[in-house]
Amino acid sequence: MGTQVDSPQRTYRVRTYGCQMNVHDSERLSGLLEAAGFAAAPEGEDADVVVLNTCAVRENADNRLYGNLGHLRPVKDAHPGMQIAVGGCLAQKDRGEIVNRAPWVDVVFGTHNVGSLPALLERARHNAEAQVEIAEALEVFPSTLPAKRDSAYAGWVSISVGCNNTCTFCIVPALRGKEKDRRPGEILAEVQALVDQGVLEVTLLGQNVNAYGVEFRDRGAFADLLRATGRIEGLERVRFTSPHPREFTDDVVEAMAETPAVCHQLHMPLQSGSDEVLRRMRRGYRQERYLGIIDRVRAAMPDAAITTDVIVGFPGETEADFEQTLEVVRRARFASAFTFQYSKRPGTPAAEMDGQLPKEVVQERYLRLTALQEEISWAENRAQVGRTVELLAAAGEGSKDARTGRMSGRARDGRLVHFAGGAGVRPGDVVETVVTAAAPHHLVADGPLLSHRRTRAGDAHEAGTRPTTPGVLLGMPRVGAPV
């Protein structure tokens, strides 16, 4: 009788591009693959399955994908049995074109059928041909899928997917679909599951997070959800991203100010300070409404750090329009800003608009905007010197930490602080220290720690364990016999 030899466990690696939604989707992809029997590939080793979770928002997204696929081709040629899968927004957009341009790809799946990946990989292997499967509507809410979390101390929790807005520059609604909201109980159950495993901070995620509740017609649902999440015992920090100014209401400001666990941090996309450009963008608000939100947030939470997104060079943007953007940036005094040069995305109304600006005009305005915001960010950070901050120690936030002997962490307002770590401080622990210096994009705290609290999250990070969530039922009936 022959001896049966078990096949070695196949390994995987997920590469993520784009927004926080993609980062969280990648946690789901990792969870799915591990539930299907795969193991994460050790660092420095080639994986049996490489998954590229793509973004389609920026102009160079296509070039980046096909460049990476080109680099993977010789790796696959030298690694018999290796499989390459492409998912995410660019896969939803390009579909079978990906396999036409890169025939060594084995699987293409879209934003609506993330859960199909293990079956598609097996089908591609069995049939020895590429599998392209793009669903036109959401098949399974991502949070019903298992997840392998990246962090022991901070977790993403998706409260909705998709977007009902029609911003003329944005391709996301076409790729992610209409907004779908989870029920509050399901969200809170997932948060509780993370807290039970030691997580101290959660970020509530949505393409338009403060529109939450639109599907079940409850305009106060997001503020209520913030309060309820903040009441979960053991959860120390609650954040959310990204809201939309059009739906941002005073009850959300009140919930932020009155719920101790909710951090005084707000990312509020501006996009443009010009009313005319905002109209062509179909943003649904104007300059004064936007600045009114900023004023109300600061009145309720003077210590709030507000960040934003700005697009420079939208079609038809005049010098006067751009000056309005600079004026709003001066008045709002953002802690930081993500600034982008407008790029045409095929399939969006803005791509067909008259008044597409020359690259050199967009570049010159972009440099003026970033110089102004850099000056403001540095001034706002210098105002933090001497302030006592509570930091959640983090891993991988400071690229120079090893050389400087510092650690890094996030203050409650979201600012990045590089600090002189005391003996035994681990990612996931909580420390208090005093800010001693500032730069435009970070703070420094080189004095002794005022306090150090060891946490369950720190224990988990030290032990190399990460939270896992098996998937939270959506409250919809399952197919088949009840358990």
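Which residues is E201 in contact with, leaving aside its neighbours within four places in sequence? Hi everyone, let's start there. The contacts of E201 are Y153, A154, G155, L235, R237, R239 and L392. Please keep in mind that we are looking at a predicted model.

Let me stay with this residue for a moment. You will find E201 in strand 11, which covers residues 201-205. Is E201 buried or exposed? Its relative accessibility is 11%, and buried means under 20%, so E201 counts as buried. One of its contacts, R239, is also a polar partner: the side chains of E201 and R239 are joined by a polar contact of 3.3 Å. You can also look across to C263, which is 62 residues away from E201 along the chain, with 9.8 Å between the two C-alpha atoms.

Now, the wider region. UniProt, in an unreviewed entry, lists residues 149-380 as "domain: Radical SAM core". Over residues 149-380, the chain is 41% helix and 16% strand. The C-alpha atoms at the two ends of that stretch are 33 Å apart.

Let's move on to the sheets. Strands of a sheet pair through backbone hydrogen bonds, either parallel or antiparallel. Our example of parallel pairing is an open sheet of three strands, in the order 13-14-15. Why do strand 13 and strand 15 each have one side without a neighbour in the sheet? Strand 13 (265-267) and strand 15 (336-341) are at the edges and each has a single partner strand, so there is nothing in the sheet on the other side. On average, neighbouring strands here are turned by 10° against each other, direction ignored. Strand 13 is joined to strand 14, residues 305-312, by three bridges, and you can spot H267 opposite T307 in strand 14. Lying across strand 14 and strand 15 is helix 13, which runs at about 175° to strand 15.

The other sheet I want to show you is open too, with seven strands in the order 20-21-18-17-16-19-22 and mixed pairing. Its edges are strand 20 (437-439) and strand 22 (451-453); each has a single partner strand, so one side of each has no neighbour in the sheet. In this sheet, the average turn between neighbouring strands is 35°, direction ignored. Strand 20 pairs with strand 21, residues 442-445, in the antiparallel sense over three bridges, and A439 stands opposite H442 in strand 21. Here we meet helix 13 again, residues 359-382: this helix packs on the sheet and touches strand 20 and strand 21. The direction of helix 13 makes about 165° with that of strand 20.

Next, a little arithmetic with helix 2, residues 61-77. With 17 residues, at 1.5 Å a residue, helix 2 should span 24 Å, and its end C-alpha atoms are 25 Å apart, which agrees. Which residues of helix 2 are buried? They are A61, D62, L65, Y66, N68, L69, L72 and K76. These buried residues pack against strand 1, strand 3, strand 4, helix 3 and helix 4.

Last stop: E27, in helix 1, residues 20-35. With a relative accessibility of 2%, E27 counts as buried. Not counting residues up to four places away in sequence, E27 touches P146, A147, K148, R149, D150 and W156. Thanks for listening, and do rotate the model yourselves!

Methods
Residues are numbered from 1 along each chain as its sequence is written. This is a predicted model: local features need pLDDT of at least 70, side-chain atom pairs count only at pLDDT 80 or more; totals for chains, interfaces and linings use all residues. Side-chain values use heavy atoms; hydrogens and water are left out. UniProt positions are given in the numbering used here, feature names are shortened, and annotations may be inferred rather than shown by experiment. Helices (H or I, at least four residues) and strands (E, at least two) are DSSP runs, numbered from the N terminus. Buried means under 20% relative accessible area, exposed over 50%, partly exposed in between (1.4 Å probe, protein chains only). Contact means heavy atoms within 4.5 Å. A polar contact is a pair of N or O atoms within 3.5 Å; within protein, one must be able to donate a hydrogen and the other to accept it, and residues adjacent in sequence count only if both atoms are side-chain atoms. Two strands pair if DSSP finds at least two bridges between them. Axes are lines fitted to C-alpha atoms, for helices over the stretch in contact, and angles run from 0 to 180 degrees between N-to-C directions. The expected span of a helix is 1.5 Å times one less than its number of residues.
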